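Trainee: I have this chain open and would like to go through it. Start wherever you like.

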Amino acid sequence: MEETSREAVATAVQRVAGMLQRSDQLDKVEQYRRREARKKASVEARLKAAIQSQLDGVRTGLTQLHSALLDVKDIQSSLADVSKDWRQSINTIENLKDVKDAVVQHSQLASAVENLKNIFSVPEIVADTQQLIEQAELLQAHRKLMELECSRDDLMYEQYRMDSKNTITELFPTRLRPQVQGLSDELAKQLWMVLQRAMVTVRRDPTMLVSVVRIIEREEKIDRRMVDRKKQTGFIPPGRPKQWKDKMFKVLEGTVSTRIESTQAVTREADKMWLVRLLEITRKYVQDDLIVVKNLMVQCFPFFLLYHNAVSTRVTELASEDLEANEIVSLLTWVLNTYKSEEMMGHPELSSECDVHQLEPLLPQAVVDELLSKYVKTFTSLMFTWTRSNITGWLRKALETDKKDWQKETEPEADQDGYYQTTLPAIVFQMFEQNLQVAAQIDSDFREQVLKLCLKQMNSFLVRYREEAVTYKDEHLRDRQLPQCYVQYMIAIINNCQTFRESINSLKRKYSQLSEPTESDAAIERTLSEVAKEGCQFLLDEVFLDLEHHLNELLTKKWLSGSHAVDTICVTVEDYFNDFNKIKKPFNQEMTSEALRRVVVEYIKAVMQKRITFRNADERKEGAERMIKEADQFKFLFRKLAAGEDTDQLCGAIAAIAEVFKLTDPTLLFLEVSTLVSKYPDIREEHIQALLAVRGDASREMRQMIIGTLSENKVSFSEGSPADLHSKKLFIG
């Protein structure tokens, strides 16, 4: 305290000295004194308030402690009374043992009563569940199975708690256990069967696969619940845990392995190129399956890892076989290059699901080194390798040369019949002929092998040919003025397909003793057909790009006032088909028929788009007569172009619609519309709505009456006289 007082005095002296440094400040001493007195009084007041607050807090705390002491004494007294009462009631509790047993028995009986429905309807429920399983209604079957298992488990748990023999609780599980277990096994068998056919099921019925996953998830939840109950009570129902999720992964692993092995039917004895084919089939199957998995499959399935492991196992088995030199090259090329390329696991559609850089190698490095060493030691197929390289190089060079010709400003050459063609087929088959002549001088087996190689390379070449044709079309669409002879060279591409087909058959007759067609033959035929059909489609697209403006004029006010759109359409189509006459049969015939169908479809689409609404009977009559006239124009044009027997039927669709517009008596409108529907059963409600809207005089009630009556008679219309197949494509959305 003394030290504090000294510090206070020193501070005060310093403060006074600061205030009285100048003589003029002495006049303000009294003012300073009053100010300091006020400050002192304020500080003393705050101190008193703080001390009073502390005292009040202490007083409140003492009061609460006193109250707590009284409460503790009351609780102590109450506990003493409870202890006294408990000692007095020990004998009473021992006398309640019978009541306890009765409570347990009551619980057991209550469980039995709760499950009486299942107890007495076990055979019926079992039969229904079995039928649902056979009908593949797996979710419903599993729901009934869970009800049975729940009833069985509850009663067995009560019996376990009772630990005594009881007729009700013992009889039910004894009767139910084998039947429920049998149903569970049968359902599991169906689940595994669906998983074994997962790749087929997901394409046809993906909901079935979802149902399987949901069932397995349910069983996993029940397993976890039963295991937790065992930890608490020591009881677990028979057959638990089922562990169906683990079994699911084992089944999927077996399914993928079987899927990979199922592609391995080709042997060296049956096909010299067995390994190349085998690896290509594996590549295609794996890539297609994984794309399906990525787009359609439930994501909880680890198919990417399963397929990788299965492929790794298979190529390891192949590596252990006695492979020839060219087979070693094929295998290593596939393993080291193809597998992680965009052609397989590196496909763009799989990039989000599979990082090829994270995949383990298909073959250990030691195995790769061993195969390379074996290849060097056993290299015996130099001639064949050279032939393959020679063919591949020639085909690539020939296609590049032909592509340059497509850009020429002069038309392609024509054969003796006037059909456009390029020199590509002649160059390709001259090269094939030269290699086959050399091979024939060695032996017949080598000749057959080279022929197979030629056909295989031909199929790959045609695939590239198709891709280049598509690219050619795409480049043209960017600037339709270039190349100048696009139509003529596209015709030549189509005609080349027929020339290729004829030349392949000629080679096989000359150099092969095999009479039965091979897979390469089917693949080549399929690719040739696709190239030709796509080429025809590209040409028709070119025609309809020029017709687009005129087609948009149909069934508009401009059309009704005298547009020459159809005249222009006919002239344009006929002009194009003067060039299309240079296309070989049967592509020319098919192309003409398709052109007619597309013209009629565009005309009908113009009607259905309700571009015009007739205001009165005169306009309806004028429009209908114009439609009939234009249908006759199309009929005349395409008969001239030899579109085939479908000309009248297709053009008749326009005339039939015109009759609906031409009708003057609205009361007969239903009969006219029903006649149209009977002739063209693919017409839908919205088409009729559009026709009546264009007609312009059908009230809302009349439209509803017509459509309602037609809807009621829908079955009879669909079963009426068969319409031409082409008519099914006329009325579109």
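**Confidence, cores and local geometry**

Mentor: Residues 715-728 have pLDDT under 50 throughout, and the model gives them 17 contacts beyond four places in sequence. Keep in mind that this is a predicted model.

Trainee: Which other stretch stays under 50 in pLDDT?

Mentor: Residues 164-173 do, and the model has 17 contacts beyond four places in sequence for that stretch.

Trainee: And what is the mean pLDDT of the chain?

Mentor: The mean is 79, with 81% of residues at 70 or more.

Trainee: OK, the fold. How many helices and strands does the chain have?

Mentor: There are 28 helices and zero strands.

Trainee: What share of the contacts join residues at least 24 apart?

Mentor: The share is 76%, taken among contacts between residues at least 6 apart in sequence.

Trainee: How much of the chain is buried?

Mentor: Of the 733 residues, 41% are buried. The chain exposes about 41,500 Å², and carbon and sulfur atoms supply 52% of that area.

Trainee: Now the inside. How many residues are in the largest nonpolar core?

Mentor: It has 107 residues. Those with the most contacts inside it are Val428, Phe432, Met458, Phe500, Leu554, Phe580 and Met627.

Trainee: Which helix gives the most to this core?

Mentor: Helix α18, residues 486-511, gives 13 residues.

Trainee: Where does this core lie with respect to the domains?

Mentor: Domain 3 (375-537) and domain 4 (554-715) both give residues to this core, so it lies between them.

Trainee: Take Val428 from that list. What does it touch?

Mentor: Leaving out residues up to four places away in sequence, Val428 touches Leu395, Ala398, Met458, Phe461 and Phe500. Met458 and Phe500 are also on the list of core residues with the most contacts.

Trainee: Which residues does the second core include?

Mentor: Leu148, Val180, Leu187 and Ile260 are included in that core, which is separate and has 60 residues.

Trainee: Switching to Arg695. Is it buried or exposed?

Mentor: Arg695 is buried, with a relative accessible area of 0%. Its place is in helix α26, residues 685-695.

Trainee: What lies 2.8 Å from a polar atom of the Arg695 side chain?

Mentor: The backbone oxygen of Val660 does. Val660 is also one of the residues that Arg695 touches beyond four places in sequence; the others are Phe614, Arg620, Phe661, Lys662, Leu663, Thr664 and Leu669.

Trainee: Backbone oddities next. Which residues does the cis peptide bond with omega of about -15 degrees join?

Mentor: That cis bond joins Leu482 and Pro483. Pro483 is found in the loop between α17 (444-478) and α18.

Trainee: And where is the cis bond with omega near 5 degrees?

Mentor: The cis bond in question runs from Lys585 to Pro586. Pro586 is in the loop between α21 (565-580) and α22 (587-608).

Trainee: Moving to phi. Which residue has a positive phi and lies in the loop between α19 and α20?

Mentor: Leu555 does; its phi is about 55 degrees although it is not a glycine. The loop runs between α19 (519-553) and α20 (557-560). At 1% relative accessibility, Leu555 counts as buried.

Trainee: What about Lys610, which also has a positive phi? How accessible is Lys610?

Mentor: Lys610 has phi of about 55 degrees and is not a glycine either. It sits in the loop between α22 and α23 (617-640). At 47% relative accessibility, Lys610 counts as partly exposed. The cut-off for exposed is over 50%.

Trainee: Last topic, pairs distant in sequence. How far is Glu590 from Lys533?

Mentor: Their C-alpha atoms are separated by 9.0 Å, and the two are 57 residues apart along the chain. Glu590 is in helix α22 and is partly exposed, with a relative accessible area of 43%.

Trainee: And how far apart are Ala523 and Val463?

Mentor: They are 9.9 Å apart, C-alpha to C-alpha, and 60 residues apart in sequence. Ala523 is in helix α19 and is buried, with a relative accessible area of 12%.

Notes
Residues numbered from 1 in each chain as written. Predicted model: local features only at pLDDT ≥ 70, side-chain atom pairs only at ≥ 80, totals over all residues. Heavy atoms only, no water. pLDDT = per-residue confidence, 0-100. Contact = heavy atoms within 4.5 Å. Helix = DSSP H or I, 4+ residues; strand = E, 2+ residues; numbered from the N terminus. Buried < 20%, exposed > 50% of the residue type's maximum accessible area, 1.4 Å probe, protein only. Areas by Shrake-Rupley, 256 points an atom, 1.4 Å probe, with all protein chains shown as cover. Core = buried A, V, L, I, M, F, W, Y, C linked by side-chain atoms within 4.5 Å. Domains from an automatic or database assignment. Polar contact = N/O pair within 3.5 Å; in protein donor to acceptor, adjacent residues only side chain to side chain.
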